Amino acid sequence: MKRALLPVLGFLLVSTAAGQAPDAARARQAYERANKLFEQNQLPQSMAALDEALAADPKNVPALTLKAKIAIGSNRLDIAGQCLERAVAADPSSWYARFLFGFWYYLRDDWSRALAELSAARKLNPQYARSPLYLGMTYERLGDLQKAVAFSEEAVRLEEASGKPDSNSLLVYSRLLHQAGRLADCTKVLDKAVQLYPTSRDVHYEIGRLLLKKGDAKGAAKAGEEALRLAAEDVTDLQIRYLLVRAYEAAGEDDLAAKQAAAIRAAEAKAGK
């Protein structure tokens, strides 16, 4: 899920103890410059500064994790993996390096190693909500829905305790509750999500899915139309239109269902050209 990935790449890097190096001061200065460039989205310049930092101190964990983060965002998982392996070897107690390594394994569908690294990150920093969130998503991939729900609930609880829950965390949690058949709990989570993020297309789409599951076809159609009107997020127009076809058919609105089906065919034909 793209949305599931964006909050990870946007977090500011947290300082982590690095081993002594011949020129630790130069490495630190280069890293600080790289981090400022990263915040300004000047990624090539940031990478150049990181290379300078790592030339001065090959075991500088903040530089290694920031370089890995940029590489993941650029779909260079090979570079990211090399950096994270070095970071964890240099400082196994770095919760952030362990989290990123677990996230990297998650992206590579290596579920057992993802669980190991994410569990280590969670143990090292129990307050960091992203670790249980991705643990939940990993258990979902492994078919353990009970653990998936429990860890996603933990992530949302941690975010609520620190301020405002992230929309993606709420959506993951609600989707897992939906899968588990806990529709009343799913309703509560989505009610909260739409209060916090009223213009989120993905939230309205999930509300539509839930209402259709509960037998409220007209409500599902209304939520789907609202989602279609809102700015693009992870959920595509086609996904929403498929929902609308089912909702309008269930509501007996055959003309409106046919209109959405025609729009789907036109979009698929255009994409096939």
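Which residues touch the most other members of the largest nonpolar core? In this predicted model, that core comprises 64 residues, and the members with the most such partners are Leu50, Leu66, Phe99 and Tyr134. The element that gives the most to this core is helix α6, residues 95–107, from which 10 residues are drawn. Another core, of 14 residues, lies apart from it and includes Ala221, Val235, Ile240 and Leu243. In general terms, nonpolar side chains tend to be buried together in soluble globular proteins.

Leu50 also belongs to helix α3, in which the buried residues are Ser46, Met47, Ala49, Leu50, Ala53, Leu54 and Ala56. These buried residues of α3 are covered by elements including α2, α4 (61–73) and α5 (77–90). As to the geometry of this helix, the 14 residues of α3 should span 20 Å at 1.5 Å a residue, and the end C-alpha atoms are indeed 20 Å apart, so the expected and computed values agree. An α-helix has 3.6 residues a turn, and therefore residues three or four places apart point the same way.

Two loop residues were examined for their backbone conformation. Asn41, which is placed in the loop between α2 (24–39) and α3 (43–56), has a positive phi of about 65 degrees although it is not a glycine; with a relative accessibility of 59%, Asn41 counts as exposed, because the cut-off for that class is over 50%. Asp109, located in the loop between α6 and α7 (111–124), likewise is a residue other than glycine with a positive phi, here near 60 degrees. The relative accessible area of Asp109 is 47%, so Asp109 is classed as partly exposed.

Conventions:
Residues are numbered from 1 along each chain as its sequence is written. This is a predicted model: local features need pLDDT of at least 70, side-chain atom pairs count only at pLDDT 80 or more; totals for chains, interfaces and linings use all residues. Side-chain values use heavy atoms; hydrogens and water are left out. A nonpolar core is a set of buried Ala, Val, Leu, Ile, Met, Phe, Trp, Tyr and Cys residues joined through side-chain atoms within 4.5 Å. Buried means under 20% relative accessible area, exposed over 50%, partly exposed in between (1.4 Å probe, protein chains only). Helices (H or I, at least four residues) and strands (E, at least two) are DSSP runs, numbered from the N terminus. The expected span of a helix is 1.5 Å times one less than its number of residues. Contact means heavy atoms within 4.5 Å.
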